[in-house]
Amino acid sequence: MLEIRSLSLVQDGDTCLDDVSIRFEPGQLTTLLGRTLAGKTSLMRAIAGLVQPDAGSIALDGTDWLGLPPWRRPVAMVTQQFINYPHLSVLDNVAFPLLRRGVARDEARDRARDMLGRVGLADFTDRRPGRLSGGQQQRVAIARALVKKAPVLLLDEPFVNLDYKLREGLREELIDILTAETGTMVVYASTDPREALQMGDRVVLLSEGRVVQAGPPRTVYGAPVSVAAAQVVSDPPINLLELDVAEEGAEVTGLGAVTPADLGRALPPGRYTLGLRAHDLRLGGPHAAHVALTEVSGSETVTHLVLAGQNLVMLERTVTEHALGATIGIGLDLTRARVFDATGTLVPNGADHG
Amino acid sequence: MKHTSYLALKYLVVLAWSAFVVFPFLWMLSTSFKSANGVTGGATWLPWLQYEPSTAGWSALFGGPGGVNILRPYLNSVIVTLSASALSLVLGTLAAYGLSRFTFRAGPVRNGDITFFFISQRIMPPIVLAIPFFLMLKTLGLLDTLTGLILVYIALLLPIAVWVMVDFFNSVPRGLDEMAWMDGCTPVVTFLRVILPNAMPGLVVAGMFCLIFGWNDFFFAFTLTFTKVQLLPVSIVALNSSVTPWWALSAAAIVSVAPLAVLAFVVERFLSRGGLAGAVR
């Protein structure tokens, strides 16, 4: 088990990691989900020993890691950039870490050949990485990371620089390969909530260098503990609406008065934020909104709307072309909204809907 | 038809350029086989071809009448240039890797300032360095010795090696070092096994610069030696007398330029094989 406790890292005056504590279990794939500069890469680099944290501890099965240089840590890493050794053939690239660890040359090359077969590069062993496509280069990097059989495998947005189709394909292949590897702690960083929820046994949400939530994907998606967590885990972005509850009634900014029945719950007086997912807005309803942008993606339509000065996003599971600037009627299912108090913390309702 | 004309024009241009480049060498070659009369008298009909061949120029290079023996100076030049270039390359590459990969801070001084400090040695006119070098070698008892010259040449060539190699190492992504660390390489092994092979084009370029500058230097070879040690450029000048011996000077110029021509040929082969891909930015 890899245990990270109260890890903090400040670089050039910027807080990269702030009191981060996470446990990684053997055989588990943990997804680090967060926006750019959320601290995902910093955390991975700290685990790999490429940066020295300012405070906290990292321990593998109780053994302190902070005193170990990167070349002594049993870690493998694949980065966003396709990093391979340009002067070595594909086969020698994959055999390289084994040779450095004292594996006999013939055995190292056999194991490398076997791994290259598993990532679909059996026919490219003699080529230099520079003569491969981007996807193939990243497969070489993945093969080199996997061949070591390191107990900790760090995958830092490995497919982000590849085109959509290739990314989907490689992700599925990687899942197949990883499920065959037993006992490896896999840490996968992503900015894409869908990818994170699809891949991980466990999701850790990071925002501004802090862990905002960790848990199984369904729990994290269904009940984000804070506004920050809801924003990180929602794609398309979650709609945030201001709710003012007083003794005489409640009002949602831009929508007008609402009743406890509209919200599906009664709330004590105070200011709240409602988090309403894009698919909880529907076409056809009492609220007039202006179409600011329509994005058609596959069989879905994401429409950016302006309702009483507020920006909203609506997801339809069909292809609908709304004219730019048109006024359309929309409905909001507020009973499905997550309610956050004035501090941005989730007010539980017992519901765990999608 | 249009294609043929274009091809003909292309070859014409290439031929003209080749003639422009090769002609001085051919002139030098023919002059080296002429006697004094052959050089000054001129030809009746065919310039550069019509003359009485003579080996006087070449024999002058090997201790013949009116000449000096350039064998020893030649060997000295080879020793000094190769030693100084090799050592400069080793030291310069190590310094450049350090400057490229690690952050140095001493008061207001940063990595860029240190790199500039190295190259600033070459900005000064050589005469500024001559007196300090002379005094230092004198104090060390190394005046008029090969060791003294090698040390001075290292001081002159090191900035070139550092300057060229810093840029090359900067162009090798840092991620490569980090990946090598995670693959089990210590920093020294990373440098030797991963970074250096990828900086090979830079090494060739830096090495070439060092060899050319070292081989062609006359000024320091002249000011820091007397009688015991002489380098090739100095011995060639020693051929001169009241009557300029063009035949001997031409022969000397050919033997002097020959190693650099061979070097250029070898590097050109390397270049055409793609060995220097990305080397020239």
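Good morning. In chain B, buried residues make up 32% of the 281 residues. I begin with that figure because the model before us is a predicted one, and chain B offers a simple entry to it.

Let me stay with chain B for a moment. Its secondary structure consists of 13 helices and 0 strands; read from the N terminus, every element in the series is therefore an α element, as the run α-α-α-α-α-α-α-α-α-α-α-α-α shows. How does its radius of gyration stand against the globule rule? The value is 24 Å, well over the 19 Å that the rule gives for 281 residues, so chain B is more spread out than a compact globule. Its C-alpha trace spans about 75 × 70 × 30 Å along the principal axes. As for contacts within chain B, take those with a separation of 6 or more: residues 24 or more positions apart account for 74% of them.

I turn to chain A. Its domain assignment gives domain 1, covering residues 2-222, and domain 2, covering 239-340. Between the C-alpha centres of these two domains of chain A there are 38 Å.

Let us look at a sheet of six strands. This open sheet of chain A follows the order β6-β7-β8-β3-β9-β10, and its pairing is mixed. At the edges stand β6 and β10 (210-215) of chain A, each of which pairs on one side only. On average, and with direction ignored, neighbouring strands in this sheet are turned by 20° against each other. A helix also packs here: α4 of chain A, residues 134-147, touches β6 and β7 (152-156) of chain A, and its direction makes about 170° with that of β6(A).

As a general reminder, the strands of a sheet pair through backbone hydrogen bonds, either parallel or antiparallel. We can now follow some of the pairs across this sheet. β6(A) and β7(A) are joined in the parallel sense over 4 bridges, and V78(A) stands opposite L155(A) in β7(A). β7(A) also runs parallel to strand β8 of chain A, residues 185-190, with 5 bridges between the two. Here D156(A) has A189(A) in β8(A) as its bridge partner. Further along, strand β3 (residues 29-33) and strand β9 (residues 202-207), both of chain A, pair in the parallel sense over 4 bridges; T30(A) stands opposite R202(A) in β9(A).

How many of the residues of β7(A) are buried? The count is 5 of its 5 residues, so to speak of this strand as mostly covered is fair. Both of its faces are covered: on one side V152(A), L154(A) and D156(A) are buried, and on the other L153(A) and L155(A).

One residue deserves a closer look, namely K40(A). It lies in helix α1 of chain A, residues 40-48. Is K40(A) buried or exposed? K40(A) is buried, because 26 other C-beta atoms lie within 10 Å, and 20 or more is the threshold for that term. Setting aside neighbours within four places in sequence, K40(A) is in contact with L32(A), G34(A), D156(A), A189(A) and L206(A). Two of these names, D156(A) and A189(A), have already appeared as bridge partners. By contrast, the C-alpha atoms of K40(A) and G169(A), 129 residues apart along the chain, are separated by 23 Å.

Chain A holds another open sheet, this one of 5 strands. The order is β13-β12-β11-β14-β19 and the pairing is antiparallel. The edge strands are β13 (256-258) and β19 (338-340) of chain A, each pairing on one side only. Neighbouring strands in this sheet are turned by 35° against each other on average, direction ignored. As one example of its pairing, strand β14 of chain A, residues 270-276, joins β19(A) in the antiparallel sense over 3 bridges, and G275(A) has R338(A) in β19(A) as its bridge partner.

Finally, I come to the meeting of the two chains. Here 17 residues of chain A are in contact with 13 residues of chain B. Which elements of chain A each supply at least two residues of the side that touches chain B? They are β6 (75-78) and α2 (90-100). By class, that side of chain A has 12 nonpolar, 3 polar and 2 charged residues. β6 of chain A thus links two parts of this talk: β6 is an edge strand of the six-stranded sheet, and β6 also supplies residues to the side that touches chain B. Thank you for your attention.

Technical notes
Residues are numbered from 1 along each chain as its sequence is written. Chains are lettered from A and ligands numbered from 1 in the order in which they are written. This is a predicted model: local features need pLDDT of at least 70, side-chain atom pairs count only at pLDDT 80 or more; totals for chains, interfaces and linings use all residues. Two residues are in contact if their C-beta atoms, placed from the backbone, lie within 7 Å. Ala, Val, Leu, Ile, Met, Phe, Trp, Tyr, Cys and Pro count as nonpolar, Asp, Glu, Lys and Arg as charged, and the others, Gly among them, as polar. Two strands pair if DSSP finds at least two bridges between them. Axes are lines fitted to C-alpha atoms, for helices over the stretch in contact, and angles run from 0 to 180 degrees between N-to-C directions. Domain bounds come from an automatic or database domain assignment. The radius of gyration is taken over C-alpha atoms; the globule rule is 2.2 Å times the number of residues to the power 0.38. A residue is buried if 20 or more other C-beta atoms lie within 10 Å of its own, exposed if 12 or fewer, and partly exposed in between; C-beta atoms are placed from the backbone.
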